[in-house]
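Welcome to a short set of exercises, each with a worked solution. Have your viewer ready and try each task before reading on.

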Amino acid sequence: MIQIKNAAEIEKMRRVNAISAAALKAGGEAIEAGITTAEIDKIIEDFIRRHGAKPNFKGLYGFPGSACISVNDTVIHGIPSRKIVIRPGDIISIDTGAKLDGFNGDNACTFACGKVDMEAQRLMDVTKASLHLGIKAALAGNRIGDISHAVQSYVEENGFSVVRTFVGHGVGKELHEEPEVPNFGNPGRGPRLVPGMCIAIEPMVNQKHHAVKTLSDGWTVKTCDGGLSAHFEHTVLITPNGPEVLTRDWEGADFRL
Ligand code: MG
C-alpha cells in the first residue's frame, strides 16, 4: 500500500532527508586520489551518527556498509572496501541514507575524482538532468509513468541507456516502500501521484547497453559490457504546489529545478 504522510510525518521526513543529503555531500567532499571506499563509508557513517541518526543501509538485507559506493562500471550496491582505491579520473556513485524518529532518507550522486574524460562527464550530466526532469514530472495528478517516461526519453535522446533491473521506490517508515518508480515506461500509466507521497527517483544510467550483472559477493552490480554507469537520486515529497526535493542540500545553494 502507498503510504500518504501526514503533516507531522512530513516534518520527520524533511529532517532525516536533510541529514541524508548532508552526509552524501560530506562523502563526496572526501573523494580524492588514494582514498579507499571503506574510508569514505566511515566518514559518511560518522557524519550520520554525529547528527543523531542511524545509517539505514547498514544491515539492511545484510548489507555491510553505511553507503553503497560504486566506481566506474559498478552501477549500484558497491560494498565499501579497503581494497578499492579511488584514482584520478574515476567516477564514484555514492548512495546513502539515514533513519531518525522512525523515518528514512535516501539519496545518491555520482562524483568525479579530479578531471574525468568528456564521455564520463557527459554521462554524469545527462543522468543528473534526467533526475531533474523526472522530478519536474512528479506533480500531483500525474502518474508514476510520467516520471519514468521523462527520465527514459531524455537519457535515450542522449545516446545512453536506463537500467531496467533496479528501480526507484516509495520512502517513509521503510526505506523501500510502494510504489516502484521505474526509470522506463509510458506516460499516463501506473499509480497516480497524490500530495503526501514520498518517492525516491533514482535514474541509473549506463554509457552503453542497459544490461547489468550481480557479482558473486551477492551485492556488486556491474554493467555487463564494462561501460561506465552513473546514479543520481533524490527523495521527493509530492505537494499540491509541486515537488519538494527533500534531499536538495547536496546540490548546492543555487539549486533550481
Ligand atoms: Mg533508493
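Are H169 and E233 buried or exposed? Keep in mind that you are working with a predicted model.

**Exercise 1. Describe the metal site, beginning with H169 and E233.**

Solution.
- Step 1: Start with the question above. H169 and E233 are both buried, that is, each has a relative accessible area under 20%.
- Step 2: Now list the donors. The magnesium ion is held by D106 through OD, H169 through NE2, and E202 and E233 through OE, at 2.1 to 2.4 Å.
- Step 3: Write the donor spacing along the sequence. The pattern reads D-x62-H-x32-E-x30-E.
- Step 4: Place two of the donors. H169 belongs to strand β9 (residues 168–170), while E233 sits in the loop between β15 (229–231) and β16, so this pair ties together parts 64 residues apart in sequence.

**Exercise 2. Characterise the surroundings of T235.**

Solution.
- Step 1: Find the element. T235 is part of strand β16, which covers residues 234–239.
- Step 2: Check the exposure. T235 has a relative accessible area of 0%, so T235 counts as buried.
- Step 3: Look for a polar partner. The side chains of T235 and N17 make a polar contact of 3.4 Å.
- Step 4: Collect the contacts beyond four places in sequence. They include M13, V171, I199 and L246. D106 is also one of these contacts of T235, and D106 is a donor to the magnesium ion as well.

**Exercise 3. Work out the sheet that contains β4.**

Solution.
- Step 1: Give the strand order. The sheet is open, with three strands in the order β2-β4-β7 and antiparallel pairing.
- Step 2: Identify the edges. β2 (67–71) and β7 (107–112) each pair on one side only.
- Step 3: Add the geometry. On average, neighbouring strands here are turned by 15 degrees against each other, direction ignored.
- Step 4: Examine one pairing. β4 (residues 91–96) and β7 are joined antiparallel over six bridges, and I91 has A112 in β7 as its bridge partner.
- Step 5: Add the helix. Helix α2 (residues 37–50) lies across β2 and β4, at about 150 degrees to β2.

**Exercise 4. Which residues have the most contacts inside the largest nonpolar core?**

Solution.
- Step 1: The largest nonpolar core has 64 residues, and I94 and I201 have the most contacts inside it.
- Step 2: Helix α1 (residues 7–29) gives the most to this core, namely eight residues.
- Step 3: Another core, of six residues, lies apart from it; V75, M204, V212 and V221 are among its members.

Note on methods. Residues are numbered from 1 along each chain as its sequence is written. This is a predicted model: local features need pLDDT of at least 70, side-chain atom pairs count only at pLDDT 80 or more; totals for chains, interfaces and linings use all residues. Side-chain values use heavy atoms; hydrogens and water are left out. Helices (H or I, at least four residues) and strands (E, at least two) are DSSP runs, numbered from the N terminus. Buried means under 20% relative accessible area, exposed over 50%, partly exposed in between (1.4 Å probe, protein chains only). A polar contact is a pair of N or O atoms within 3.5 Å; within protein, one must be able to donate a hydrogen and the other to accept it, and residues adjacent in sequence count only if both atoms are side-chain atoms. Contact means heavy atoms within 4.5 Å. Donors are N, O and S atoms within 2.8 Å of the metal (3.2 Å for Na, K and Ca); water is not among the atoms, so sites may look incomplete. A nonpolar core is a set of buried Ala, Val, Leu, Ile, Met, Phe, Trp, Tyr and Cys residues joined through side-chain atoms within 4.5 Å. Two strands pair if DSSP finds at least two bridges between them. Axes are lines fitted to C-alpha atoms, for helices over the stretch in contact, and angles run from 0 to 180 degrees between N-to-C directions.
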